[in-house]
Amino acid sequence: IGRRWLRDWRVAAACAGAYLLYPPLQWAVIFDFHPVTLATPLLLWCIWAIEEDRPVWLAVFASLSLITKEEVGLAIAGLGLWVLLRHRRTRMAALLIAGGLVWTVLCVAVITPHFASGGASPFIARYGELGTSPGAIARSIVTHPVHTVQLLVSAGRRTYLLQLLVPVLFLALVSPLLVLCAVPELLINMLTKDPAQYSIYYQYTSVITPFVIAGMIAGLARIRQAQGVIG
């Protein structure tokens, strides 16, 4: 990705180093093993496959990403939106959006209730301030926006955002379209009452990391283009 967007293997190598040294990535692999940790490289490979127009590899990496955790489908749908806006590939975008959303809905509405004790995800309790079901939580976010914003800007959550962005020097915000793919995961983490989820010391950043890193590369490429380094 770095070589393609930056057109300089030395800067691309520095970005690869920044990825490997990125604190949330380090903590995710040091902490207990969770399947979602595998989503980090898989989602980066999805971005590579999109850029290289490799639909078969994209299907492989996207499918593997989806089975790492139920809400990864939202990130895949976000990638679909990115494909539509950046590359104007409507068919690929539609498949990613539909596939991602269908997978997440299937997990939340069918698979999890079937296997969970009592028919409900045990993690719903973490969002008790907002509701007792996914639908109730979604309605609460829409109908009580002030309360939602208050949760999102609390001290611990602000620190969480800084811990995600400071290591990449906020470069991901220079080209924010890719970072938007991580917004659903950010909301899932930041609206919970469990401090572990809005912390970089566990696996909960695994779906966010690839978009921050890819956004960093895209942001750096935009700066270099503005400076005339990239034509």
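In this predicted model, Arg126, Tyr127, Glu129, Leu151, Arg157, Leu191, Thr192 and Lys193 line the largest cavity. The space inside this cavity is about 30 Å³. A search of the whole structure returned one cavity of 30 Å³ or more. Its lining comprises four charged, three nonpolar and one polar residue. Among the charged residues are Arg126, Glu129, Arg157 and Lys193.

The largest pocket holds about 1,000 Å³ of space. It is lined by 35 residues. Glu70, Val108, Ile124, Tyr127 and Ile188 lie nearest the pocket centre. Two or more lining residues come from each of helix H7 (90–115), helix H8 (134–143) and helix H11. By class, 20 of the lining residues are nonpolar, 11 are polar and four are charged. Tyr127 lines the largest cavity and also lies among the residues nearest the centre of the largest pocket.

A nonpolar patch was found on the surface. Leu81, Leu85, Leu177, Leu180, Val183 and Leu187 make up this patch, with an area of about 460 Å². Helix H6 (72–87) and helix H11 (183–190) each contribute at least two of its residues. Helix H11 thus supplies residues to the patch and to the lining of the largest pocket. Leu85, one of the patch residues, sits in helix H6. The relative accessibility of Leu85 is 39%, so this residue counts as partly exposed. Residues enter a patch at over 30% relative accessible area, a cut-off that the 39% of Leu85 passes.

Key: Residues are numbered from 1 along each chain as its sequence is written. This is a predicted model: local features need pLDDT of at least 70, side-chain atom pairs count only at pLDDT 80 or more; totals for chains, interfaces and linings use all residues. Side-chain values use heavy atoms; hydrogens and water are left out. Patches are made of residues with over 30% relative accessible area and no salt bridge: like charges are joined within 9 Å, nonpolar side chains (Val, Leu, Ile, Met, Phe, Trp, Tyr) within 5 Å. Accessible areas come from the Shrake-Rupley method with a 1.4 Å probe; for residues, only the protein chains shown count as cover. A salt bridge is a side-chain nitrogen of Lys or Arg within 4 Å of a carboxyl oxygen of Asp or Glu. Helices (H or I, at least four residues) and strands (E, at least two) are DSSP runs, numbered from the N terminus. Buried means under 20% relative accessible area, exposed over 50%, partly exposed in between (1.4 Å probe, protein chains only). On a 1 Å grid over the protein atoms alone, a cavity is a set of points where a 1.4 Å probe fits but cannot get out, and a pocket is an open set with protein on both sides within 12 Å along at least five of seven lines; lining residues have an atom within 4 Å of a point. Grid points are joined across faces, edges and corners, and a volume is the space filled by probe spheres set on the points.
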